[in-house]
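Visitor: I am new to this structure and would love a close look at how its strands and helices are put together. Could you walk me through that part slowly?

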Amino acid sequence: RPLKEKLRRCYYVDFESALNLKKKLWKENSPDYYISGDGEDDMRGMPWGAFSRLMSSLVRYPFRCKPVYLEGIWGGTYIKRLRKLPEKMINCAWVFDLIPMEVSILVDTGKTTIDFPFYSFVLKEGERMLGSECIQKFNGYFPIRFNYDDTFHGSGNMSIQVHPGDKYIKENFHEHGRQDESYYVVATGHGAKTYIGFKNDADFREFIDKIKESEKSYTKVEYNDYVNSVPSKPGAQFMIPAGTIHASGRNQVILEIGSLTVGSYTFKLYDYLRADMDGIPRPIHTYHGERVLREERRADWVSENIMQQPRIIRQGNGWKENVAGEHELLYFSLRTYEFEKEIESCTDGKFHVLTLVDGEKVRIESLDNPEFCREQEYLDVVVVPANIGRYMVRNLGNQPVVMHKTMLK
């Protein structure tokens, strides 16, 4: 079988089956050993009791996952340079900093480093990590995903795309729920823009006809005649409920935050007639796309509903917390911390995810147990487990800090 077909089988069938089996074993507390088997020549294991104690210790700290870096036809150079990725990488399009089912955790245990799936950690310590309310609502899954889309000095825009809503994804793909997203603009170059919603005067039916013809006959579509675009600037927050046409434009870095999606459902509507990195034209999904697109989400609706201005919810001497974006259809709240020296917060039984989007370095520490702490550098994505409670973020650099914070409503 072609490699892509094998990967799809692995992603949508084998992977799901393995997750269900692991969930059953963890619930029964039945394993004898935990074996890290990433490499056939480098198997590493520990008794189940030792593994359990390790997880119980780790969940008391703010932590970061091991990212996954992927090349892409539109990929950029910002993250590649920042994190000194291998020169042999052509570019870095996607950075999976916290895609729950695809990242892992590295733990040093004396002379040995164990690399284990993040989902193993969630299964073992889910209630202390996520909070009891979250565990019940999302059936034990980590309910939010985080990645960077990097088109900075890249070769073009991301595809014009849309994601499915609740009813459609359940009836057609048997998934857990709707796929919502958000974009937070981290960095921009010349001419950067974000595509979101239809233009007020766009002919929706004409657009559908043209992308269908393009999918079939490989013809060009003047997408700028139909899709609304907004100049991008660092700090801009876009909420993207399912059904909203959108794309990240070229020459920017986006922190993308989305809802729980065990499988990934991006329906590409137009991709500029590009071939993928294997030389094969990228697939287009107008059949599903047409059925989930919300025609009424046009430029005026976008500016009034999902392009939001920050609003202060608390502040003090040299610090403030803003709501950067919320929408009735999205179950998470997006915030920012802005401070000179430090800011205090509390999880109140719900996990927080903090991203350092401007600044050099900070330290996140429990106020009740300051030894449970972690240093965080620019663009690191760090989880503050629900059980930590009161915590402080201290600026270790010379410039003011902006942190992006995600939490369940």
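Guide: Let's start with strand 16 and strand 17 (residues 319-325), which run antiparallel and are joined by five bridges. If you look for arginine 311, you will find valine 323 of strand 17 standing opposite. Please keep in mind that this is a predicted model.

Strand 16 belongs to an open sheet of six strands, and if you follow them across, the order is 16-17-18-25-20-23, with antiparallel pairing. At its edges are strand 16 (311-316) and strand 23 (381-384), each of which pairs on one side only. On average, neighbouring strands here are turned by 25° against each other, direction ignored.

Another open sheet is also built from six antiparallel strands, this time in the order 3-4-7-14-9-12. Strand 3 (68-70) and strand 12 (237-240) are the edge strands, each with pairing on one side only. From one strand to the next, the twist averages 20°. To see one of its pairings in detail, go to strand 3 and strand 4 (residues 94-98), which are antiparallel and share three bridges. There, valine 68 has phenylalanine 96 of strand 4 as its bridge partner.

Now let's turn to strand 24 (residues 390-395), which pairs with strand 19 (residues 342-346) in the antiparallel sense over five bridges. Strand 24 is also joined to strand 21 (residues 361-366), again antiparallel and again by five bridges. A good residue to keep your eye on is valine 393 of strand 24. Valine 393 is the bridge partner of isoleucine 343, and isoleucine 364 has valine 393 as its bridge partner too.

Next come the helices, with helix 4 as our meeting point. Helix 2 (residues 48-58) packs against helix 4 (residues 118-130) at an angle of about 55°, and their axes are 10 Å apart. Angles between 35 and 65 degrees fall in the oblique range, and helix 2 and helix 4 are therefore oblique to each other. Their crossing is right-handed. On the helix 2 side, the residues that meet helix 4 are Trp48, Phe51, Ser52, Met55, Ser56 and Leu58; on the helix 4 side they are Ser120, Phe121, Lys124, Glu125 and Arg128. Sorted by class, this contact of helix 2 with helix 4 has five nonpolar, three polar and three charged residues.

Helix 4 also packs with helix 1 (residues 3-28), here at an angle of about 35° and with the axes 10 Å apart. This crossing of helix 1 and helix 4 is right-handed. Helix 1 brings Leu19, Lys22, Lys23 and Trp26 to the contact, while helix 4 brings Tyr119, Ser120, Leu123 and Lys124. By class, the contact of helix 1 with helix 4 has four nonpolar, one polar and three charged residues. Notice that Ser120 and Lys124 of helix 4 appear in the contact with helix 2 as well as in the contact with helix 1.

Let's finish with aromatic rings. The whole structure has 27 aromatic pairs. One of them is formed by phenylalanine 51 and phenylalanine 116, an edge-to-face pair with 5.9 Å centre to centre and 85° between the planes. This pair links distant parts of the chain, since phenylalanine 51 is in helix 2 and phenylalanine 116 is in strand 6 (residues 112-117), 65 residues apart. You have met phenylalanine 51 already, as Phe51 in the list of helix 2 residues that meet helix 4.

How values were computed:
Residues are numbered from 1 along each chain as its sequence is written. This is a predicted model: local features need pLDDT of at least 70, side-chain atom pairs count only at pLDDT 80 or more; totals for chains, interfaces and linings use all residues. Side-chain values use heavy atoms; hydrogens and water are left out. Axes are lines fitted to C-alpha atoms, for helices over the stretch in contact, and angles run from 0 to 180 degrees between N-to-C directions. Helices (H or I, at least four residues) and strands (E, at least two) are DSSP runs, numbered from the N terminus. Angles under 35 degrees count as roughly parallel, over 145 as roughly antiparallel, 65 to 115 as roughly perpendicular and the rest as oblique. A crossing is left-handed if the near helix is turned anticlockwise from the far one by less than a right angle, and right-handed if clockwise. Contact means heavy atoms within 4.5 Å. Ala, Val, Leu, Ile, Met, Phe, Trp, Tyr, Cys and Pro count as nonpolar, Asp, Glu, Lys and Arg as charged, and the others, Gly among them, as polar. Two strands pair if DSSP finds at least two bridges between them. Rings of Phe, Tyr and Trp (its six-membered ring) pair if their centres lie within 6.5 Å; planes under 30 degrees apart count as stacked, over 60 as edge-to-face and the rest as tilted.
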